[in-house]
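Me: Hi! I'm new to this one, could you walk me through it?
Reply: Happy to, here it is.

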Number of protein chains: 2
Amino acid sequence: MALQNIETRLSGEPLDGRKGRHALSVGEVAADSRFDRRLAKLLHHAAHIFCEKGYEGASMRDLSRAAGMSLAGLYHYFESKEDLLYLIQKHTFRTIIERLQERLKESRDAEERVRIFIENHLEYFLANKEAMKVLTHEDETLKNGRGAEIRAIKREYYKICLDLLEDLRREKGLQFSGRLAVLGLFGMINWIYTWHNPRVDLDAGAMAEEMSNLFLRGVLNPGKTKRKIAKTNA
Amino acid sequence: MALQNIETRLSGEPLDGRKGRHALSVGEVAADSRFDRRLAKLLHHAAHIFCEKGYEGASMRDLSRAAGMSLAGLYHYFESKEDLLYLIQKHTFRTIIERLQERLKESRDAEERVRIFIENHLEYFLANKEAMKVLTHEDETLKNGRGAEIRAIKREYYKICLDLLEDLRREKGLQFSGRLAVLGLFGMINWIYTWHNPRVDLDAGAMAEEMSNLFLRGVLNPGKTKRKIAKTNA
DNA sequence: TTAAGTATCGAACGAACGTTCGGTAACCTT
DNA sequence: AAGGTTACCGAACGTTCGTTCGATACTTAA
């Protein structure tokens, strides 16, 4: 946990000292303070509201109501609405990557590692639907410094997946476009937030297995499917 | 074309007569009037802006600027901002379905028909990226009557795809969840708007072939991939 | 040429927005 | 008990929002 509310350090802004107070020196861990715990709850409420109404459509007054705190009081915990989205996205993304790294230690087998990637993604996704929807749906919302930082984390995640797939390709001596495979896979597993219904659909583990099978058969099998008949027009 | 600006006829609203003027009797076609042509251009500008800033983030003043028309003047062509989004989504969705129906007449082969579905989707998607992103991204934005109408069209599209896949499954005697397959496929092909770059990526036809191969191999091949080793924890 | 309809506009409305300010209450340390 | 820090609040500020209104130009048909 530990929201690591270390100074956001964005682009130009000289950070007037009013809100950067709670910064911890980087090494120091300073176990969840009262402040951090309250902030975490606020982020949870905020994720719920952003998920429901979208970032632009949600108002700070909505959050104030949901959190049972005055509008002004909110600003004790973060700089701005934009900062709020940034904190949610960063924490969510960092957590999912952290867990993935941990789980990847369990296996050296290329195919198994791809399965671990998918399972980790889906498990976290379905256990944290709201935050994950905010991460996924408000992908291009943040601009400038905060946006660049989130985009960097996203590239890191992309790169991990790409490497896993290229390891697999090398090991099995296959031929496919890594980029297309990664993005096709991401599509399948990120799209879930638009339709998954816990009362109808499989749970995370079973879903991960199904999707892994679908994807891996598509990638592993030789291109023996019918070729399209050449069309005369265009 | 022909935006079929036939009376929107929403839920309760008695339609006070002020804006429903341009309604055409349903049968009548009334080739693109001056009004319809201007409206089509406005919808195009609106799609561009909604695409760039999101529905909530975009303002009518943005549209006014982009269209080179006064703020008040816009309301000559539609009832409200919500109506604008509705018109864009409806026209886009109806067009893609219409084209699909046309193309499906070309083949009776189950696999080929799935390929046609994917190709039609991607071709239209990449040729109308902005409108398709608005359709995809602002999926849950519309409420009440307009929202219900769009959701109905979406279900229709889903059903077409599901039927195609179940025909394929029957023909080949396979076993897979139609729902999972459809939604996995939709994920792959809708996610594209988040990453496709015409300077880097394949064009629609080639992309459709790649994605068709990936998906169809995943669906058609027997479940011969490695089973996950049972885990001890959880 | 005129009259009716269509297209467009400037200006304004009330509501909602994100954020700030000065102050008060609660808490912690000594 | 005192004094400093942290937590929180009511009220307001300036801005922007979607939408409306009354008036003016343009187009068309008689």
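Reply: We'll go through the DNA contacts and then a helix. This is a predicted model, where local features need pLDDT of at least 70, side-chain atom pairs count only at pLDDT 80 or more, and totals for chains, interfaces and linings use all residues. Residues are numbered from 1 along each chain, chains are lettered from A, and side-chain values use heavy atoms, leaving out hydrogens and water.

Me: Which residues come nearest to DNA strand C?
Reply: Of the 21 residues around DNA strand C (a heavy atom within 4 Å), Met60(A), Tyr75(A), Ser70(B), Ala72(B) and Tyr77(B) come nearest. Sugar and phosphate make up 56% of the strand's atoms within 4 Å of the protein.

Me: And what lies 2.9 Å from a phosphate oxygen of DNA strand C?
Reply: A polar side-chain atom of His76(B). A polar backbone atom of Ser70(B) is 2.5 Å from a phosphate oxygen of the strand, and for a backbone N or O atom of Ala58(A) the distance is 3.3 Å.

Me: Which helix gives the most to that surface near DNA strand C?
Reply: H1(B), with three residues. Helices here are DSSP runs of H or I with at least four residues, numbered from the N terminus.

Me: New topic: how many residues of H9(A) are buried?
Reply: 13 of the 17, so H9(A) is largely enclosed by the rest of the structure. Buried means under 20% relative accessible area, with a 1.4 Å probe and protein chains only.

Me: What should helix H9 of chain A span?
Reply: At 1.5 Å a residue, 24 Å for residues 204-220. The expected span is 1.5 Å times one less than the number of residues. The end C-alpha atoms of H9 of chain A are 23 Å apart, which agrees.

Notes. Helices (H or I, at least four residues) and strands (E, at least two) are DSSP runs, numbered from the N terminus. Buried means under 20% relative accessible area, exposed over 50%, partly exposed in between (1.4 Å probe, protein chains only). A polar contact is a pair of N or O atoms within 3.5 Å; within protein, one must be able to donate a hydrogen and the other to accept it, and residues adjacent in sequence count only if both atoms are side-chain atoms.
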